[in-house]
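Dear colleague,

I am handing over the structure below, together with some notes on what turned up while I was going through it. Please read them with the model open beside you.

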Amino acid sequence: MQFITTRGGAGISGAEAIVRGIAPDGGLYVPESFPRLSISEITGMARDSYAGLAAHILSLFLTDFSRAELDELCARAYARFDDPQIAPVKPIGGGFSLIELFHGPTQAFKDVALQILPHLLSASRRKVLEARRILILTATSGDTGKAALCGFQDVAGVDVRVFYPDGGVSEVQEAQMTTQPGENLKVFAVKGNFDDAQTEVKRIFLSKEIAHKLDERGTVLSSANSINLGRLLPQVVYYFYAYLKLLSAGAIEPGDEINFAVPTGNFGNILAAYYAKRMGLPVHKLICASNKNHVLYDFINSGEYNKNREFFLTQSPSMDILVSSNLERLLFELAGRDGARVREWMAALNEGGRYALEEDAHSRLRAAFSSGWADDEETGYAIRRARAERGIVVDPHTAVALAVAEAYREREGDRRETVVVSTASPFKFPSFVYASLTGELPPGDEFAVVSALSALIGISAPASILALPSLPVLHRDVIEVGQMKDAIFY
Ligand SMILES: *Cc1c(COP(=O)(O)O)cnc(C)c1O
């Protein structure tokens, strides 16, 4: 299998695409075609472990890796999760289920891909780069940063620089990043929002001057953001896993269509669901859930993408995004895989901050996706309701998806089983969850709230979060966006 670019660029191997991260033409790597699985091939995987299923799905794409190599990579990647199922699927009543993707070491769904990406990248480096080092640049809205740091800690031949918006992440998220040890890692708070940091990282990637300077030091740039193919492909796996678990629980019959509701920011998670659908997984609607920054909701409904709007900081910070990078991969499909059309849309986005789909592309979009959004007030209400009516405690991102999924079911009368993708532990956002459940906040900092939340809901907080206040802060730099290009050389 070769990987071509969304802007019409020629194909390269999986290992090369993983090492490069972003394509030299500014586009993203996509599979030259989607491997197709029949219903009996899908049900045939029902007894695979999570790691076994992951190796199977990845082997359909990464044909330059041996199956034995992928089996080993996946077994290592998923050894650090605190639930033997990796991604447990739980019925929550009324035709809804939850797939919990937060059982990795940093309590957010990013771990599912970022625990395997370092292994994929190391193996890819051996295949295509020989002795050169890889420098990973990552802009984060909170969760990617910690997950990347944790996954890449002391990985040989790879350095990592993480940039997060100063004041734009939760206290727990910030402490997770600034206390991260590892000789090969550096973390910077950037004076700007996530989009500022992400745009600057993209600019650094495309700078010939910086590439040249790094090349002289025997280093190549790569990305751990969800634009990297090595992030995207492992996310396809849990959509199959969810389907198989519903089958074995008897909630659906082979071939039944289901829906997925996904709290969406950079569009990586929900795009992986779309890939699973294209591979033959019986999916009816992908429900794209946004917060008050609902540029994607407007796009799905109107066909026009317009980032010229006010940016809001919300209680679901990992979705505070106005330019969703991975959307370009969907655009490529909506354009009938015509890279020239994608180039035109992206040029319009660059110049005027907007583009509009033609009718054919918009109707393809609406056929596969539905959408909704919830502001902080509705999100808090959804957290309270989920506990009262379903007996579960969800984080604000999951609550957005749950609220949107419930509204979708009500509005459309669609009775298909709907899986809500749960992307973070409630203990990662303790203040908002606590306040939503009780209507008040206990005194003290966010870590005091972690303990109070734990007592309130009768679930112990993850040990790694409880340990944070006693860990030394190792990263304190606050920099301007313009200093990021120099910071990568520290
Ligand atoms: C990253 C993240 C999201 C958004 O996922 P995308 O792939 O960027 O759309 C949602 N919830 C949480 C908790 C996250 O960390």
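Isoleucine 92, in this predicted model, is in contact with Ser97, Leu98, Arg390, Ile392 and Leu402, once its neighbours within four places in sequence are left aside. The residue belongs to strand E3, and with a relative accessible area of 8% it is buried, because anything under 20% is counted that way. Its C-alpha atom and that of glutamine 235 are separated by 22 Å, the two residues being 143 apart along the chain.

Strand E3 is part of an open sheet of six strands, whose order is E3-E4-E14-E9-E10-E13 and whose pairing is mixed. Strand E3 (89–93) and strand E13 (369–373) stand at the edges of this sheet, and since each has a single partner strand, one side of each is left without a neighbour there. On average, and ignoring direction, neighbouring strands of the sheet are turned by 25 degrees against each other. The partner of E3 is strand E4 (residues 96–100), to which four bridges join it in an antiparallel arrangement; within this pair, valine 89 has isoleucine 99 of E4 as its bridge partner. Elsewhere on the sheet, helix H13 (residues 295–302) lies across strand E10 (283–290) and E13, and runs at about 140 degrees to E13.

In the loop between helix H4 (67–77) and E3 you will find aspartate 82, which at 57% relative accessibility counts as exposed. Its side chain makes a polar contact, at 2.7 Å, with the side chain of histidine 103. Aspartate 82 also lies 9.7 Å from glutamine 107, C-alpha to C-alpha, with their positions 25 residues apart in sequence.

Glutamine 107 comes up again in the surroundings of glutamine 176, which touches Thr106, Gln107, Lys146, Lys428, Ile465 and Leu468, not counting residues up to four places away in sequence. Glutamine 176 lies in helix H8 and is buried, with a relative accessible area of 3%. The loop that connects helix H8 (171–178) with strand E7 (185–191) holds asparagine 184, a residue that counts as buried at 7% relative accessibility. The side chain of asparagine 184 reaches the backbone oxygen of phenylalanine 152 at 2.9 Å, and the residues that asparagine 184 touches, again not counting those up to four places away in sequence, include Phe152, Asp154, Val158 and Arg161.

Phenylalanine 152 leads on to the question of the interior: which residues have the most contacts inside the largest nonpolar core? They are Phe152, Phe240 and Phe260, in a core of 116 residues, and helix H11 (residues 229–248) gives the largest share of it, 14 residues. Leaving aside neighbours within four places in sequence, phenylalanine 240 is in contact with Leu37, Ile42, Met45, Leu53, Ile57, Ala276, Met279 and Leu281. Apart from this core lies another, of 39 residues, among them Leu98, Ile287, Val433 and Leu468. As background, nonpolar side chains tend to be buried together in soluble globular proteins.

Two further elements are well covered. In strand E8 (residues 219–223), five of the five residues are buried, so the strand is largely enclosed by the rest of the structure. Thr219, Leu221 and Ser223 point one way from E8, while Val220 and Ser222 point the other way, and all are buried. Strand E5 (residues 133–139) is joined to E8 by five bridges and runs parallel to it, with isoleucine 136 standing opposite serine 222 of E8.

The other element is helix H14 (residues 327–334), which is mostly covered, eight of its eight residues being buried; among them are the charged-type names you may not look for there, Glu328, Arg329 and Glu333. Just after H14, glycine 336 takes a positive phi of about 65 degrees. Helix H12 (residues 268–278) packs with H14 at an angle of about 35 degrees, the axes lying 10 Å apart, and H12 passes H14 in a left-handed crossing. Leu271, Tyr274, Tyr275 and Arg278 of H12 make this contact with Arg329, Leu330 and Glu333 of H14.

With best wishes

Methods
Residues numbered from 1 in each chain as written. Predicted model: local features only at pLDDT ≥ 70, side-chain atom pairs only at ≥ 80, totals over all residues. Heavy atoms only, no water. Helix = DSSP H or I, 4+ residues; strand = E, 2+ residues; numbered from the N terminus. Buried < 20%, exposed > 50% of the residue type's maximum accessible area, 1.4 Å probe, protein only. Polar contact = N/O pair within 3.5 Å; in protein donor to acceptor, adjacent residues only side chain to side chain. Contact = heavy atoms within 4.5 Å. Pairing = 2+ DSSP bridges. Axes fitted to C-alpha atoms, helices over the stretch in contact; angles between N-to-C directions. Core = buried A, V, L, I, M, F, W, Y, C linked by side-chain atoms within 4.5 Å. Left-handed = near helix turned anticlockwise from the far one by under 90°.
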